Amino acid sequence: MNSTEQNNEHIRLFVSAHKQAVFPDGASIIPIQVGAANTENLFPDTLHDNEGENISDKNPMYCELTAQYWAWKNAKADYYGFCHYRRYFDFSGIHHEQNDYGEIIDDFIDKRTIEKYGLNDDSIAASVKGWDVITSPINDVRLIGGFSNLKEHWAADKHLRIEDLEHMMEILCRRHPDYRQDASHVLNGHKAAFCNMFIMRKDIFFAYNEWLFPLLDEFTSTSDFSRADTQTLRTVGHLSERLLNIFLAHQQRIGKHWKIKTLQCVHFTHPELYKTELEPLDRNPRLTVPVVFAADNNYVPMLTTTIYSMLKNADPERYYDIIVLQRDISKENRQSMADFFRAFPHAHLRFFNVSQIISGYELTTHNEHISIETYYRFIIQQILPFYSKIIYLDSDLVVNGDITELYDTDLGDAAIGAVHDLDFLGNLNMKNGERAQYVQRKLHMHDPYGYFQAGVLVMNLERMREIHTVKEWLGIASDPDFIYNDQDILNVACERQVKYLDYSWNVMHNCADRVNGVFAFAPAQAYQDYLRSRRDPKIVHYAGFDKPWKNPWCDFGPLYWQYAAQTPFEIQMVAMLSGLKPPKPLEHHERAIAEDSPLRKYADALAPIGSKRREVLKVTTRKLRHRE
């Protein structure tokens, strides 16, 4: 055992979790599943709060306190600490920007953030050494809603009853009369540490628990929560936050002179387990056709239409592994899609969240009808290591032919199978020379007339991996100067490594009369091949702003609606035609001035966080919104 391990062996930072998550690795960091007595789904590689002496079954009321109780009764340490699967102390020793709630907001628990916030044994030991008590930041409730004191802060919560707080204080003052002064001081004040996050020296930790849990037990045994909602049931957890502050205030008042400090709290918005790759299906790979899509939640109706059209015309003797790359498709939409596609027993639908992989890259697009989902194709080579070839399809098209014919295309050594882009070729021949100048200035292609359209691709993943790593692809994609984004990047990187497909596999519809206005300027043979492909299109691509769910009279619009009308999202698409937009999710945790409010930038400038002017502004805002 090295010296670092010896220094840290008696520091135990228990991370309570009721969901599976990513946990930093370290001898000091101990994940523990809370409420384990109430579930059959026990997490692997964690402690469980239903082992040994415990109160695990009380978790719905006691929240993370069941982990605290378990540690008190079962664990041995010199220092006991507590945080949550999505909230950790910042042990870095560096001050980071935080919001009004005293939280640093970050995305993922990964190598970068573990290092950034010192979530390792050495940093934890350095932060704890020499201190008696460490708490989360002392928050001022005047800054998180304009509340004048902790009582008002409690009463404003729709799920917390003021009579419960009063009942708890009556129990405390009756059992410990010498705490009355401290309870009054804390609750009538406007500052406190929240989240039930702390680190304590062993003797203090034991004294705190011996004082705390009898209070909570009497409170629960003398209170009626039989009709309480889920959040109100958590009252005990909220009470303990206030009681921790009262306990520390009392000890300091009576002269304990404990060395107490605060550490910032970092809130991870995505602490859940993430995958870096998918698992292969238990299917004959020779018969499997992998098809990859990328979409967001708003595009689900169109995505479903595209997949349906593909399966409707696909060879039933083959099997289709359908992978959707996404970040925000709702659980409800994913379930609706899965239920719908069960009608196709020769297909398997699965979703992959790309958030972790693309985190840290500045990905932008130049057109409103193009979203950053277009870049997701760059990560396919990583998440599907068991495939050497896949089909990639945009979600604004319908497949009118058998997709297996496309997949069975022999690419040879080519990296990409694709159709020439008539729009780009037509613009190359324009007198204004803008596109030709762009090629010369930015793309530096040897033969720009080989430029292909990237909405329908057969991808040789083995060759793509040789050209660039995912990190390299996304690094290039962060360059905002590419007009056609990922399509430009693919054309530059794969030039002279393209197998050109028949135009029927990517028939771009006539958006804003571009067939005559742009396509007709392309080289004559290419234009004639395109016109011929329109007679029997295998894939119709509604590339551009003129979409059939916005304009049913657009080119090939009736063909699109033949498929769209058969999906469970038909009524949503009809609503889109009427100009209706989906309702925004309700915000359950209101701020005085919402984060996305246009007023917020002015509020931050005129009334900086922490200033008296900020406090006055928030109180005024709350009154105007009838929140008092």
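Here is a chat about how a few labels in this model are earned.

Biologist: Before we start, what sort of model is this, and how are residues numbered?

Modeller: It's a predicted model, where local features need pLDDT of at least 70, side-chain atom pairs count only at pLDDT 80 or more, and totals for chains, interfaces and linings use all residues. Residues are numbered from 1 along each chain as its sequence is written, and side-chain values use heavy atoms, with hydrogens and water left out.

Biologist: Fine. Why is aspartate 402 called buried?

Modeller: Buried means under 20% relative accessible area, exposed over 50%, and partly exposed in between (1.4 Å probe, protein chains only). Aspartate 402 has 18% relative accessibility, so it counts as buried.

Biologist: And what makes its link to threonine 404 a polar contact?

Modeller: The term needs a pair of N or O atoms within 3.5 Å; within protein, one must be able to donate a hydrogen and the other to accept it, and residues adjacent in sequence count only if both atoms are side-chain atoms. The side chains of aspartate 402 and threonine 404 make theirs at 2.7 Å, so the pair fits the cut-off.

Biologist: Where does aspartate 402 sit, and what does it touch?

Modeller: Aspartate 402 is in the loop between β17 (397-399) and α15 (403-407); helices (H or I, at least four residues) and strands (E, at least two) are DSSP runs, numbered from the N terminus. Leaving out residues up to four places away in sequence, aspartate 402 touches Asn313, Ala314, Asp315, Tyr320 and Trp505, where contact means heavy atoms within 4.5 Å.

Biologist: Why is serine 478 put in another class, partly exposed?

Modeller: Serine 478 has a relative accessible area of 22%, which falls between the two limits, so partly exposed it is. Serine 478 lies in the loop between α19 (470-477) and α20 (485-493). Its C-alpha atom is 5.1 Å from that of leucine 363, 115 residues apart along the chain.

Biologist: How do you know that arginine 87 and glutamate 103 form a salt bridge?

Modeller: A salt bridge is a side-chain nitrogen of Lys or Arg within 4 Å of a carboxyl oxygen of Asp or Glu. Here the N to O distance is 2.6 Å, so the pair qualifies. It links distant parts of the chain, with arginine 87 in strand β5 (residues 87-89) and glutamate 103 in strand β6 (residues 103-108), 16 residues apart. Arginine 87 is partly exposed at 21%, whereas glutamate 103 is buried at 10%.

Biologist: How many salt bridges does the structure hold?

Modeller: There are 24. Another one of them pairs arginine 175 with glutamate 218 (2.6 Å, N to O).

Biologist: What makes that pair a tie between parts of the chain?

Modeller: Arginine 175 is in helix α7 (residues 162-175) and glutamate 218 in helix α9 (residues 202-221), so the bridge ties together parts 43 residues apart in sequence. Salt bridges with shared partners also join Glu170, Arg174, Arg175 and Glu218 into one network.

Biologist: Why is glutamate 218 called buried?

Modeller: Glutamate 218 has 17% relative accessibility, so it falls under the limit for buried. Arginine 175, at 40%, is partly exposed.

Biologist: Last one: why is asparagine 59 called buried?

Modeller: At 15% relative accessibility, asparagine 59 is also under the buried limit. Asparagine 59 is found in helix α2 (residues 59-62), and a polar atom of its side chain lies 2.8 Å from the backbone oxygen of cysteine 63.
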